[in-house]
Amino acid sequence: MLARGRKVAGKGETVAAHYAFGPLEDDLIIKHRLLTRTTTTRGEPPLKKLQKKFTAFASEVEKEADNYCDCERLAKAFLQELNTFEIPLLKSKAVIDANLREKENFNDLKDEINAQILQAQADIEDLKRQLEESKIERQHKEECEAIRKLVAMQPPRSETQKVITELEKEIAKLGAENTASSRTLELRKKQFALLLHVVDELQNTIEEEQRSLMEELRNAVDDHNKSGVEDASGVPEAMAVD
């Protein structure tokens, strides 16, 4: 039997409920009520009442006296009590069937939700991939736009081609001048080498002539000295003869 106690609270106080049984005992009591079809703690349980009706009917049947009316009355009372007891059972069976159907529906709904979750995860991954591709594409577009701006800042192609042509002509002219300068420099090298050779030959010739001249002068001086000596030796002899 479940007993409850209430505390009358004054102004500003809360009302607290006190139970005579703990949660575990409450579960046992509820389970016992469901098994015995007892919906209240007062009165006789339906199963016990049905048992009494059946016992009374069986006892009356076993009597050898002429009690057909009593047996019929007890049988009707037993059947009525049985019908009364059967109605909650049918309700319970209907509730159980409904719960089973609800469980199946819940399982189907759970499977559907799981499938939707998997599909949503796949969609999220696909959207992430598309987002990355969009970022890369946007980056490429920004780079192309920057390059386009740089290209737009440059002069037209015709002007660039004209400048390139002029530069090529200038390069060709400079190449020709370089070739001419190289040829002139090579010619100057040859001329300078020839000049050095001529100067060297001239210097050798001058040195030879100087040596020849010095030799001639030396010979002339020697001859002059010899003739002077001879003249000096001849004069005394002539004076002596005189």
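This report walks through some charged pairs and one nonpolar patch in the structure above.

Keep in mind that this is a predicted model. With that said, let's start with the charges. Side chains of opposite charge can pair when their charged atoms come close. In this structure, 8 salt bridges turn up, and three of them are set out here.

| Salt bridge | N to O distance | Spacing in helix α3 |
|---|---|---|
| Asp126 and Arg129 | 2.4 Å | 3 residues |
| Glu133 and Arg129 | 2.9 Å | 4 residues |
| Arg138 and Glu142 | 3.5 Å | 4 residues |

**Pairs along helix α3**

Helix α3 covers residues 68–153, and it's a good place to start looking. Take Asp126 and Arg129: both sit in this helix, with about one turn between them, and their closest N and O atoms are 2.4 Å apart. Glu133 also belongs to helix α3, about one turn from Arg129, and these two side chains join up in a salt bridge at 2.9 Å.

Further along, you'll find Arg138 and Glu142, again about one turn of helix α3 apart. Here the N to O distance is 3.5 Å, which still makes a salt bridge because the cut-off is within 4 Å.

Which residues end up in one network through shared partners? They are Asp126, Arg129 and Glu133. Arg129 is the residue that pairs with Asp126 and also with Glu133.

**How open are these side chains?**

Is Arg138 buried or exposed? Arg138 counts as exposed, at 58% relative accessibility, because the cut-off for that label is over 50%. Its partner Glu142 has a relative accessible area of 46%, so Glu142 is called partly exposed.

The networked residues get that partly exposed label too. Asp126 is partly exposed at 29%, and Arg129 is partly exposed with a relative accessible area of 43%. Glu133 is partly exposed as well, with 43% relative accessibility.

**A nonpolar patch**

Now for something without charges. Which residues make the nonpolar surface patch? Phe192, Leu195, Leu196 and Val199 do, and the patch spans about 380 Å². To find it in the 3D view, look for helix α4, which runs over residues 157–241 and holds Phe192.

Methods:
Residues numbered from 1 in each chain as written. Predicted model: local features only at pLDDT ≥ 70, side-chain atom pairs only at ≥ 80, totals over all residues. Heavy atoms only, no water. Helix = DSSP H or I, 4+ residues; strand = E, 2+ residues; numbered from the N terminus. Buried < 20%, exposed > 50% of the residue type's maximum accessible area, 1.4 Å probe, protein only. Patch = residues over 30% accessible without salt bridge, like charges linked within 9 Å, V, L, I, M, F, W, Y side chains within 5 Å. Areas by Shrake-Rupley, 256 points an atom, 1.4 Å probe, with all protein chains shown as cover.
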